[in-house]
Amino acid sequence: MKSPLIQIASAPPAPAAGSAASGGQEAFDPAAGAGVQNRRGFLKSLGLAGAGAALAGCGTGQVEVLPYVVPDARRTPGEPVRFATVCRECPAGCGMLMRVHDGRATKAEGNPDHPLNRGKLCLRGQSALQGLYNPDRFAGPLLRDARGRWQSLSWEAALARLAQEISSVEREGRAAESAWLGGLENGALGALVDDWLRANRYPPRLSYEAYSYDALRLAAAAVFGQPVIPGFDFAPARYLVAFGAEFLETWLSNVEYARQFAAMHSYGHTRHPARFVFAGPRLNLTGANADENWQLEPGAEPLAMFALAELTARRLHRRLDWPAGVQPPAFSAERAAAAARVPLDVIRRAARRLVRHRPSLVLGPGVANDDEQAVFTHLAALRLNQMLGNVGVTVFPDRPHALSAAAWQSQVLDLFGRARRGGVRLLFLHHANPAFHLPAAAGIRAGLERIPFIVSFARQMDETTQSAHLILPDHDPLESWGDYAPRPGLAGLLQPAMRPVFDTRPTGDILLWLARHFRQSLPGAEPQPPVASMLPPSAGVIAGAHPGASGELNDPATLGLGGHPSRLAPAPESPASPNLPSSAAAIPAPEGSNLRSSPNLPQPDPDDALPPAAVTNFDQYLRRRWQSALAPGAAPEEQARIWRRFLAQGVWVAPGAAASPSPRQVASIRASSPMPAGPLVLPLPHPTLAPAAPGPPPPAPPLRLAPAGPAKFRGSGRFTLLLYPSIRFFDGRQANRGWCQEIPDPLSKICWDSYVEIHTAVAQPLGIREGDILRLDSPYGAAEFPAHLANGLHPAVLALEIGQGHANFGRFANQRGDSPGKLLGAQLAGGAWLPGFQIQVAARRLEKRRNLANLQIERQQWDKKIALAVALADADTAAAREPEMRATWYSFHPYPHHRWAMSVDLSSCIGCNACVAACYAENNIPVMGRSACMSHREMAWLRVEVYAGDSRHPPTRMNPDLRFIPIPCQQCDNAPCEYVCPVFAAYHTDEGLNGQVYNRCIGTRYCSNNCIYKVRRFNWFTPQWPAPLDQQMNPDVSVRAKGVMEKCTFCVQRIERAERSAKIDRRPLRDGEIQPACMQTCPTQAIVFGDQKDSRSRVAQLQRRARSYHMFYEENCFPAVNYLKRVKFELNST
Amino acid sequence: MFPLKSIAALGVLLMAAFLWIFYRQNQPYRSGPRQPIDFSHRVHVRRGLACDYCHQDVMRSNYAGLPSLLKCISCHREVIPYYPQVQILHAYWRKQRPIPWRRVYRLPDYVHFSHRPHIASGIACQTCHGNVGAMNRLRQVVNFNMSTCLTCHRAYGAKTDCFQTCHH
C-alpha cells in the first residue's frame, strides 16, 4: 500500500527528448538482471537456501484461517459470485459481469444481457482489473506543498483544504472563473456535478474526451440539423465502405460493431457475406478485415469520397445536393478519383455495388484523421447514406451516441487559453488528461501552471494531475456506484464488485459532503425525490433474465450486492469529526486468508429500503434517482424489488427506445453541448483541387516522397505523419497496465514500445532498418522514435500509435518512448478546432538504434499451411478441403467420456486480441516485461498471429489478404510434447487434453523444443505481480514458479467445475456449458469449444465443414483445434 | 584418539537429529496446533452436533467453511457463557474480530481439492479427518499424500487423471 506514495514522491522527472533513443531505463522489468549471477554468488545462495530449507523443515508453519464474524448469507466462501456493472474503459459503455472470489474481483466478462456487447468484451475491457489493482494508484489524498512535493494527508484534512479553497474563491467573487473538466458522465454523477456546480454558481462542466468526433458531429449538424454522433447498425448492411473509421478497434462502440460486423461479413455467421471496402492511407486493423483496400494518398479521403458519392448519385440519376452553407466542389468525380489515385473503375464498381446492394453503410474517416477535411468526408458519407436510404436502417441520427455530449475540442482549448491569461481560478479535474492527449503546442501545461488551485480526482498520477495542488483519489469504476447511458433509452448500472483497494473516496460522496458543509441544497439529495431528468416518465424494461451465465444472478437470495464501500465508509459529517476510517477498514484481512470478517451486525439490506429523506452519500443518491424513475409512485417494496432486479441485470432499456428516442433527449444532448461559435465554414476538400487552381493536379508517383503540390497539412516535411488510436491503450488511458503493454499490437506485433511505421519500400533506399531511430521534425517540435518497417501504409505516410510516450503515468507506461504530441500543432480553423492528427514531418535517421520487442517477425507463410483462405464460391465445396493425415503404429486414444476440442473460424476472427487478454486474466499469466519479450520469453498461452496471404495467393495493395489466426495449444492426439517428457509431466489425459503437471515438471524444455506449434511457455524468471496486482489471481489456477513449463489447458479449471456440477446434479454436460475464457469474450464468436465425441455438438459440426483444416496436418499430430478457412470474395493469384 | 571420538560423537548426534526430523516430518499423528480457544470437537460432537451444522459450506463450496462467530455466540450466549474459554469467545465477539484459528489441514498450492464432490458421493468426513468426535484439540490423523488420495479414488472408481483431477 505504501509503494505508490513512495513512487510519487520520487517520481522521475519527465524524460528529455530522445530518451527512448538513448535506451531509457525500464520502469518495469522483472527479467532484467535476473539471470546475472556469478558462480560465487550462486554457491553462497545455495548454502543459504540449504540452511533455510533445513530450518523450515523443523517449523510447523502455522497458518491462520479466519471465519466470518457475521456470515453473509448471500455468499459462499470459495465460490465465485458475479456482479453486473458497466465497463468504463471507453465511452462505449458495454455491460460487464465481474467474477468475484471471496471479495476479490478476478475476471471481467461481458454481460450477456447487455444489448451492446452481448456478453463480449474487448482487450481493454478485459484489462479493467489491472486498472483496479494498479500498483500506481493513489493510496490516499495528496497535497502539493510549497516546494512542489507531494505530501500525504488525511481525508479530513484534504476535505478541509478543499472547503477552504472553495470559500476563498467565493470570497474573492471568482466563482465564474472556475471550471470542471471531467470524463463523460451522463448518469447520476453527471447530474450531481451539474447541480453542485449550479449551486456554487460555477460554469457548466466540460465532458472531456480525447476522441470527441468533432468532425462527425459537425457533419451531422449540417446533414441532420443536430450535432450528434448517429447510431450505427452494421448487421443489416449488404455493402460497407469505411474511409478510415476504425470501428473494430476504438471507434465509438467497437465491441458492438465487431459483433454486428461479424454477423454481416463473416461466412461463419452468414451464407451471404457482404463486401467491405476500406479506404485510407494506412491499413489499420479494421482495414485488415476488408475485402478491398483503396490505399489513398494522405489527405485524399475527401476526394475519393466525393468521387464515390458523385458516381453513386449519377447511377441513381440524382443530383448530389449538398446542405446549405456547403460549397460544392467545383470539379468532376473523375478528376477527384485521379487525384486520390484510385482507379476510376474501382470507384465505379463500388458505386454500382452501393446502389445494387442495399441497405448499405458508408462511414467517414476515423479518429486518426479527424481534421478539417474529415468534416467534408463525413458530410459526403452521411449524404450518401441518406441518398441510398440507409438512414433509419443502418444509420440512426435519432439514436445519438453518448459521445455527442462531449465537449468540443475548441471548448477545451478555450479553457486553457483563458487559464494562460490567468482567467481560471479553480479547476476540477475528474479523469481528464488533456496535457497528455493534446499537442504540446496547445499550451495545456502553461495553462495549468497559471491556475492557482487545481483539484484532481484522478486515481493515479498522470500528466495533467501532476500540475494539481490537491488530489482526492476517486474509486475505480469497479469499486463504484454509478450509471452510464451509452445512448438515450439504454442505461447500465455500475455497482461495486469489491471493497476499495486503496483509501479512496467516491467523488459523488465528496460533492454531497461539500454541499452539506456549505448548507447548499442539491435537488437529488433533498427530501423530495425529483423526477429524474434523464428518464422518460414511464418505467423501462430491465432486460430479461439470461440463461445461466451465472446461477447467482437469477437467484433472489444472492442478487448482486457488492462490497458496498460507500455504505461501509459513509461520507464524513464534518472535517473536524469525520466518521472516516470505517470499522471495515480497521480490520485488516490477514495475508493469505481467503476469509474476511464482516464488521457489522446483521441488518436489513439497505438496498431494500427507500433511501433516507436526505441522502448523504452517492449510492443513496443514485438509488433514489433510479427508484423514483423505475417505479414512480409504487410501493416501497415494489421499488426495492425492481431495484434489486436492476442491480442483478445491470441493464435498463427504455420501452421503444431503440426505435425512436424522444426529440427531448436529442435536444438535451444538444443543449449540453453547444455548437462552436461562428459559422460552419467547410474547408476545401483538397488544396490541389481548389477551384482557382488551374490545370490538372500535379502527378505524384507513389514513391515520390515530397508532395508535388502545395502542402496538404501543416508543415513542410516530405512525410505525412498519421497518428492512429490504439486498440490497446485507446487514447493512452490504459497504457499503465502490464497486459496492455505486453499484448502486442495486432498488426505490428510489437509490444512495450512506441515506434514509427515507415513503408519498407521507402525505408530501404534510405538505409533505414527496423529499430533505427528516426528523428521527426515538424514546425512545432521534434521527437525521436525507432522505425518499424511495414507494408500496410502509403509510402508518403509515417504512422504513430497514440497512447505511448507517457511521462508520468506509472511504472508500466513511463519511458516507453517519445510523445507524439510534441509534433502536433493546435490551431483554430473555421470556428471549430479539430485535432488533426496529421502533419507534415521531415524524417532523419540518427546513428542510434533501439531494438523492438516484436513477437512475430515472419509475416509470410511461405509454403507452410498456417492460415488458409478459400474463395467464397468454393467455401462449401470439395475444393475447400485440405488433406488430413492420421497414421500411427499404435492404437488411438480411446477417450471413454469426452474429447475436448476447439474450432476457430478464421473468417470471423478480426484479430482484436480480446481472447489473449482474457487468457491472461483467467490463467494467472505473468507479465514479463520488455527485455523478456525481446527474447520471445513472453508467457502468453494464446497468441494471435497475422499473415499476409500465402505462397499461392500473395498479398496485393488492393487485397492485402491479412489473416489472423489465434493459436492456443492444439491439444494434439499424437502430441510431440508428450513422449519426450522424462518425468511424465506432459502426458495425455483421458479427455484429450495435453496435460501439464506443473509440480512434476523439472524444466527440461524438451516438450517445448518438440512442439511444432510453439505454444508451450517456459518460466525463465520468477513471475512478478507488484502488489496489489497479485489479488487478481484466479484461485482455481495454479501459479507457476520459475523453471516450470506451462501452456494452454483449454481452461481445464472451467471444464472441471462444469463436470463437477454436472456430476453432482447427475446430468450430462450440455454443449456450450463450458466456455474457455477466450471463447467467452470473443466479440465475433470465432472460437467454439466443445466435445468432439458428441457428434451433435457445435464443435463436431464445425469440424465436418469442408473448409475445416488442421494446422500442419502433415506433421501427423492430429490436433484437437481445427480452423475454418477464411472466406474471401476472391483470392489473389500469383 | 580424541578428535576421532568427537567426530564420531558429532556424527551420531547429527544422525540422531536427522532421524528425529525425518520422523517428525513423516509421522501423521502429530498433536494439532494450539488454538486461540481450547475448542473441543469431542464435546460438541458428543452433544449431537453434525459436522455440517458448523461446517456448512461443505456441500456448496471447495471449502468446508468455519462457523461464523455469530453461530458460536448464538449458542454460547446461553450455553456456559461464564466458562473461561467461552469468555475468550465473548471477547472476540465484543471486539467483532474473527478468531484466528490455526490451520490443521493444509494441501499444497498445486493441489486443487473440493469438498463438494466428495460429500456428494457420500464420503464420510471421518474418512479423511479421522474420528474428530474423539479429539479435544484437533490434529491431523490421515497423512494427505498422493497415495492416500489415489488409494481411495481407485477404490471408488473415481477419476485418477493427474492433471484433470487435482494438478492443474
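The following exchange goes through a predicted model of two chains, A and B.

Colleague: How are residues and chains labelled, and which pLDDT limits apply?
Modeller: Residues are numbered from 1 along each chain as its sequence is written, while chains are lettered from A and ligands numbered from 1 in the order in which they are written. The model is predicted, with totals for chains, interfaces and linings using all residues, side-chain atom pairs counting only at pLDDT 80 or more, and local features needing pLDDT of at least 70.

Colleague: Which residues touch the most other members of the largest nonpolar core?
Modeller: A nonpolar core is a set of buried Ala, Val, Leu, Ile, Met, Phe, Trp, Tyr and Cys residues joined through C-beta atoms within 7 Å. Buried is defined as 20 or more other C-beta atoms within 10 Å of a residue's own, exposed as 12 or fewer, and partly exposed as in between, with C-beta atoms placed from the backbone. In the largest core, of 321 residues, the ones touching the most other members are Ala304(A), Ala307(A) and Cys919(A).

Colleague: How many residues does each chain give to the contact between A and B?
Modeller: Two residues are in contact if their C-beta atoms, placed from the backbone, lie within 7 Å. Chain B gives 36 residues and chain A gives 38 residues.

Colleague: Which element of chain A gives the most to the side that touches chain B?
Modeller: Elements are DSSP runs numbered from the N terminus: helices (H or I) of at least four residues and strands (E) of at least two. Those giving two or more residues to this side include helix 2 (39–58) and strand 1 (64–65) of chain A. With 6 residues, the one that gives the most is helix 29 of chain A.

Colleague: Which residue of chain B stands opposite Glu64(A)?
Modeller: Two strands pair if DSSP finds at least two bridges between them. Strand 1 of chain A pairs with strand 1 (residues 101–102) of chain B in the antiparallel sense, over 2 bridges. In that strand of chain B, the residue opposite Glu64(A) is Arg102(B).

Colleague: Which strands stand at the edges of the sheet with the order 6-5-17-16-15-7-8 in chain A?
Modeller: This is an open sheet of 7 strands with mixed pairing. Each edge strand has a single partner strand, so one side of each is left without a neighbour in the sheet; these are strand 6 (150–152) and strand 8 (206–207) of chain A.

Colleague: What is the bridge partner of Leu181(A) in strand 8 of chain A?
Modeller: Strand 7 (residues 178–182) and strand 8 of chain A pair in the parallel sense over 2 bridges. In strand 8 of chain A, the partner of Leu181(A) is Leu206(A).

Colleague: What span should helix 6 of chain A have?
Modeller: The expected span of a helix is 1.5 Å times one less than its number of residues. Helix 6 (residues 188–199) of chain A has 12 residues, and its end C-alpha atoms lie 16 Å apart, which agrees with the expected 16 Å.

Colleague: Against which elements do the buried residues of helix 6 of chain A pack?
Modeller: The buried residues of this helix include Leu189(A), Val193(A) and Trp196(A). Their packing partners in chain A are strand 7, strand 18, helix 17 (507–517) and helix 21 (618–630).

Colleague: Is Leu121(A) buried or exposed?
Modeller: Leu121(A) lies in the loop between strand 4 (104–110) and helix 3 (123–126) of chain A. It has 29 other C-beta atoms within 10 Å, so Leu121(A) is buried.
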